[in-house]
Structures are given as structure tokens and as C-alpha cells.
Amino acid sequence: MIKINENYLNLQQNYLFPTIAKKVREYKADNPSADIISLGIGDVTRALPRACVEALHKASEEMGCEKTFRGYGPEQGYSFLIDAIIENDYKAYGIDLQPEEVFVSDGAKCDVGNIQEVFSTEAAVAVADPVYPVYLDTNIMAGRSVKKLPCLAENGFAPKVPDFKADLIYLCSPNNPTGAVMTKAQLKEWVDYAKKNGSVIIFDSAYKEYIQEADLPRSIYEVEGAKEVAIEIRSFSKTAGFTGLRCAYMVVPLALKGRGADKEVRINDLWRRRHTTKFNGVPYIVQRAAEAVFSPEGKAEVKELIAYYMENARIIKEGLSAAGLKAYGGENAPYIWLKLPEGIKSFDFFDILLSRANVVGTPGSGFGDCGEGYFRLTSFGSRENTLKAVERIKKLKL
Ligand SMILES: *Cc1c(COP(=O)(O)O)cnc(C)c1O
């Protein structure tokens, strides 16, 4: 028999979402008339912006005509999309990027998972706790040792620079699951740390569009010198409803270097080699849809989408507060991180909420040990369901 990659056996079984789904199924079977509302989903639910739908139609017609048909495109993305990204997502915020620093991909999850390949398996990794599980699991698969950076209420759920040396650091802001956003000063501490230690930061800002406060950083490159130490990952998924369509991008600055046995190497060159070897590009029609996100109509629709979810977040947070519960996040992120009353464990609260309010959420402990005693609620439901769920939680009298 073939020998396997033993590292896979070191992964924790992901009991979280299957366990939750099973509990909900069982509850439904026992209570067939229960009107169950989910505030647990980490997926957007509103329809794709019309500007994107129209771009898809138009591009599809082009594909159906020999003169305008397109086969393989550039692996790193069409320049019409790369230029639109640079213009709207960076230049508009005072950040200059070269086209060869942007790589269009089929998802931030894939980018987050794949980028570690260009670094040594000996690189020491640091991830936040609680955390988006992909950072941790992909490094375990590669056989790296991973240290946790506790994110607690005391530090506003922002990971603090550690007193040990980490080579590869994953930061997520706005954060899933805590909804916390790192300030520019906090990001600067990390950039300084990375410069001092020769580390690389992977900055996941998949939720940057949810930032409402003007002085909070959307990009790590707002910190001077960050291009020498950071890779940034963004996605159209949560921003413009592309979770099913698939389009994201990663910025690998030309200034970011790594060390080989006897020379310095640009990480950008390695990633380009990897990307062009293992990836064959995002569908043309999808890239046209992503381009449409930056059209005036697209921008207006995205604004409306985000406002809809953020109003849900406000309703949830206000409702929890009226119910005497402490909650974090929800102001610059679609996630609300509920602090459970003393003594209630995350999974016990899941059962209480399901059985007594018929509301589904996500136990904080599923995102890491530091998530114990917390519970994640999301603003991705419909307005009607969000209002209903909040009323039910208020009646719980915890
Ligand atoms: C949803 C999510 C992603 C995944 O985005 P895709 O582009 O849909 O793959 C990445 N990072 C975080 C933190 C997320 O919550």
C-alpha cells in the first residue's frame, strides 16, 4: 500500500459544522413544526448585484461567438480586472501597486491554503485563537508547527505580537469569528515585528468592505513599509455575493523577499511560478462579473448589500444588549461575538438557543480554545428572520 502524508493524521477532526448540522437535523425530526432560524451561516444570502449579472450575460454571449470567444486566459488574471482592482481597491486609498503584484484567483480560501507552499516547512507559524480554521489546517497538512496567539476581550480580540519568533503570521481583519478590526497602530506593531524578525504576514481582509469607520485600515499596506513584509488576500465573496461564483485576489509585493540556501529570492517570482503551474485562471465571465463590481452601478449595489447586512448586525447587537448580554464585533464586520453568561459553555448555549428559541448559531469553542464561553452570530440572514431571532433571544432571560 502507498504511504500517506502522515501530517493529515495530525489534523483535528472538524466536528464543528457536521455536529451542528446533526443536532439541528435531530431537533427538527423531534419537533417537525419548529420554525428554526439560522444565524449561524458564514455565507451571504442576498442576490448577486445586477451589474454583475449583466456582465455575466454579456460575457457569456461573447463566449458563444467565434470572434469574441476566449479560451485559456492569463493564469494571474485578465488585465482589465487587475487594473480595476488596483485603481479602485488601492489607488483610491493612496496605495500604489504594480499589475504584476496582483494575482486573481478562485477564492481567498484557496489562496490562504496555497500560499504556504512557497515557504519552508521549517517556518514557524503563528495564528490567532479563535481563528478561521484554514490557516491552521493547511500548515498542519504541510507539517509545520503552529503556535496560537490568544485573542481575548482584554486586548480587543487583536492578537498581540509574541515574545517568540514566528516566521509566518496569519492576521484576519475584520475578523471571522470575533468581528474585531485591527487598528493601524496594531498593524504597525506587527509590521515592525515582521521587519525585526524577518517574518512574513499573511493579511486576510476578506471583509474589508464591512469597515464603516473611516480611520480603520482596510489594507495592511496603509502601514508604511508593509510591502516588504506582507501578503494581502481579498475576496469578492463576502463583498459582492461571489461565494458561489468564485473570485478573489492576492497581492504579493515585489518588495517581499525570502531566503534560499545561497541567495535572496522574490516571493512574487515563486508565487508566479506556483500560480502559473498549478492554476489555469478564473473563468472569463466571472472576471467580467468581478470587474462590474467596480462600475458605478456595481459600487452602489455593493454599498446597499453591505448596508443591509450591517443593519442586521446592528439589530442583533442592540437586541443582545437589551437582553443584558455582552456582545462584541458587528460594527465593522458581519459577525457578532457574544460573551456568554459566566458558567455557560459554547456548546451548551448552542443547545439552549436551539431548543428554547429555535435559533441556530455557532459555538465559539469551534474556532479554538479561546473561543470557549463565546458564541458567533452572523448578520447574513434576512431582515425578517433576524428581527424574529432577536425577539426570541430577548425572551430567553438568561
Ligand atoms: C469566507 C472567508 C474566506 C473565503 O473566501 P472565498 O473567497 O469565498 O474562498 C477567506 N477568509 C475568511 C476569513 C473568510 O471568512
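In this tour, a residue is called buried when its relative accessible area is under 20%. The structure on display is a predicted model.

**First stop: strand β3.** Select residues 125–129, which form strand β3. Five of the five residues here are buried, so the strand is largely enclosed by the rest of the structure.

**Second stop: strand β4.** Add residues 146–150, the strand β4. Strands β3 and β4 run parallel and are joined by five bridges. To see how they are aligned, display V127 in the company of K148 of β4, which stands opposite V127. Next, follow the chain from β3 to β4: the path leads through helix α5, residues 133–141. This β-α-β crossover is right-handed.

**Third stop: strand β5.** Return to β3 and select residues 168–172, the strand β5. Three bridges pair β5 with β3, again in the parallel sense. A useful pair to display is V125 and L168 of β5, which stand opposite each other.

**Final stop: the cavity.** How many cavities of 30 Å³ or more does the structure hold? There is one, and the volume of the largest cavity is about 60 Å³. To outline the largest cavity, select its lining: A128, C151, F157, A158, P159, C172, S173, N175, A180, V181 and M182. Colouring this lining by residue class shows nine nonpolar residues, two polar ones and no charged ones. One of the lining residues, A128, lies within the range 125–129 of strand β3, where the tour began. Another, C172, falls within residues 168–172 of strand β5.

Notes:
Residues numbered from 1 in each chain as written. Predicted model: local features only at pLDDT ≥ 70, side-chain atom pairs only at ≥ 80, totals over all residues. Heavy atoms only, no water. Buried < 20%, exposed > 50% of the residue type's maximum accessible area, 1.4 Å probe, protein only. Helix = DSSP H or I, 4+ residues; strand = E, 2+ residues; numbered from the N terminus. Pairing = 2+ DSSP bridges. Right-handed = clockwise from strand over helix to strand, strands pointing away. 1 Å grid on protein atoms, 1.4 Å probe; cavity = no way out; pocket = protein on both sides within 12 Å on 5 of 7 lines; lining within 4 Å. Points joined across faces, edges and corners; volume = space filled by probe spheres on them. Nonpolar A, V, L, I, M, F, W, Y, C, P; charged D, E, K, R; others polar.
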